[in-house]
Amino acid sequence: MVGPPKTLQDLRRVEGAVRVTCRACKAVKLYDLEELIIDRRFRRLSMEWEAVRRTMPCRNCDSTDTRVDGVPFGQDDVERRARRSRALLMNLALAVLDDASRRARDEDVCVPATRLALRVLRPYLPDRELLVTFWTAAETGRGKPHGPALQAMRWIVTKLVDAGHPVWAEFR
């Protein structure tokens with residue numbers, strides 16, 4: 001990424017976080033990027049970087065006189081790169097499952113791609129019960145209006161978030 005980010009999602013490319021420094025009370029708060037995206041989306045606030053810089057309040061004194069910076073992470077740390085590749089693999093598997101869960105009502109999604117995505121997610125979940133539930137819901141949910149595979153997908157995402165895994169905001 002060259003230059004300042006245009007949106008909060010641009011910070012994902014550099015594994016960024018957001019640091020808010022209050023000029024009034026000198027408090028410094030480092031925000032997790034995905035949590036900040038979820039919070040701003042929930043409150044229907046803009047994701048544009050300039051809007052974020054103008055509207056981020058201090059969490060200690062609620063002052064709006066703050067300095068907001070994007071904090072990129074270095075690429076030379078081996079553990080950080082390994083964590084990033086695991087997170088990318090997990091979130092791509094979630095993207096495959098999300099697509100399959102949305103199509104499960106209309107067509108058969110029990111295909112090798114879905115099976116591979118479930119296998120990729122297995123190390124991240126404490127037990128395989130949710131993965132079996134997803135597969136069963138995808139098999140039996142064809143033609144049902146309420147989409148049981150979509151609910152199983154939400155349970156998987158909830159378990160991953162509860163376990164502390166870096167799940168992209170789009171799935172939360």
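User: Where is Thr 158 found in this model, and how should I read its accessibility?

Analyst: Accessibility is read against two cut-offs, since under 20% relative accessible area means buried and over 50% means exposed, with partly exposed in between. In this structure, which is a predicted model, Thr 158 is found in helix H6, residues 148-162, and because its relative accessibility is 42%, Thr 158 counts as partly exposed.

User: Which backbone atom lies 2.8 Å from a polar atom of the Thr 158 side chain?

Analyst: A polar contact is read from a pair of N or O atoms within 3.5 Å. For Thr 158, the partner of the side-chain polar atom is the backbone oxygen of Arg 154, at 2.8 Å. As for position in the fold, the C-alpha atoms of Thr 158 and Cys 25 are separated by 36 Å, and these two residues stand 133 residues apart along the chain.

User: How many helices and strands does the protein chain have, and in what order do the elements run?

Analyst: The order of elements is read from the N terminus on, and here the elements run β-β-α-α-β-α-α-α-α, which gives six helices and three strands in the protein chain. The C-alpha trace spans about 60 × 40 × 30 Å along its principal axes, and buried residues make up 38% of the 172 residues. Among the contacts with a separation of 6 or more, 62% are between residues 24 or more positions apart.

User: What does the angle between H5 and H6 tell me about their relative direction?

Analyst: Angles over 145 degrees count as roughly antiparallel. H5 and H6 pack at about 165°, with their axes 8 Å apart, and H5 and H6 are therefore roughly antiparallel to each other. As to handedness, H5 passes H6 in a left-handed crossing. The H5 side of this contact is made by Leu 130, Leu 131, Thr 133, Phe 134, Ala 137 and Ala 138, while H6 brings Pro 148, Ala 149, Ala 152, Met 153, Trp 155, Ile 156 and Lys 159. Sorted by class, the contact of H5 with H6 has eleven nonpolar residues, one polar residue and one charged residue.

User: How do helix H4 and helix H5 cross, and which residues meet there?

Analyst: The reading follows the angle once more: the axes of H4, residues 112-121, and H5, residues 129-140, come within 10 Å and cross at roughly 165°. That angle makes H4 roughly antiparallel to H5, and the crossing of H4 and H5 is right-handed. On the H4 side, Thr 114, Arg 115, Leu 118 and Leu 121 take part, and they meet Leu 131, Phe 134 and Trp 135 in H5. The residues of this contact between H4 and H5 divide into five nonpolar, one polar and one charged.

User: Is Ser 101 buried or exposed, and what does Ser 101 touch beyond its sequence neighbours?

Analyst: Burial and contacts can be read side by side for one residue. Ser 101 has its place in helix H3, residues 78-103, and because its relative accessible area is 5%, Ser 101 is buried. Leaving aside neighbours within four places in sequence, Ser 101 is in contact with Phe 134, Ala 149, Leu 150 and Met 153. The side chain of Ser 101 also reaches the backbone oxygen of Asp 98, at 2.8 Å.

User: Where does Ser 63 lie, and which backbone nitrogen does its side chain reach?

Analyst: A loop residue is read with the same tools. Ser 63 lies in the loop between helix H2 (49-55) and strand E3 (66-71), where its side chain reaches the backbone nitrogen of Asp 65 at 3.0 Å. Because its relative accessibility is 16%, Ser 63 counts as buried. If residues up to four places away in sequence are not counted, Ser 63 touches Cys 22, Ala 24, Pro 57 and Cys 58.

User: What is the phi value of Asp 62, and what is that of Arg 44?

Analyst: Here the sign of phi is read together with the residue type. Asp 62 has a positive phi of about 60° although it is not a glycine, and for Arg 44, also a residue other than glycine, phi is positive and near 55°. Asp 62 lies in the loop between H2 and E3 and counts as exposed, because its relative accessibility is 60%. Arg 44 is found in the loop between helix H1 (33-42) and H2, and at 77% relative accessibility Arg 44 counts as exposed.

Conventions
Residues numbered from 1 in each chain as written. Predicted model: local features only at pLDDT ≥ 70, side-chain atom pairs only at ≥ 80, totals over all residues. Heavy atoms only, no water. Axes fitted to C-alpha atoms, helices over the stretch in contact; angles between N-to-C directions. Helix = DSSP H or I, 4+ residues; strand = E, 2+ residues; numbered from the N terminus. Parallel < 35°, antiparallel > 145°, perpendicular 65-115°, else oblique. Left-handed = near helix turned anticlockwise from the far one by under 90°. Contact = heavy atoms within 4.5 Å. Nonpolar A, V, L, I, M, F, W, Y, C, P; charged D, E, K, R; others polar. Buried < 20%, exposed > 50% of the residue type's maximum accessible area, 1.4 Å probe, protein only. Polar contact = N/O pair within 3.5 Å; in protein donor to acceptor, adjacent residues only side chain to side chain.
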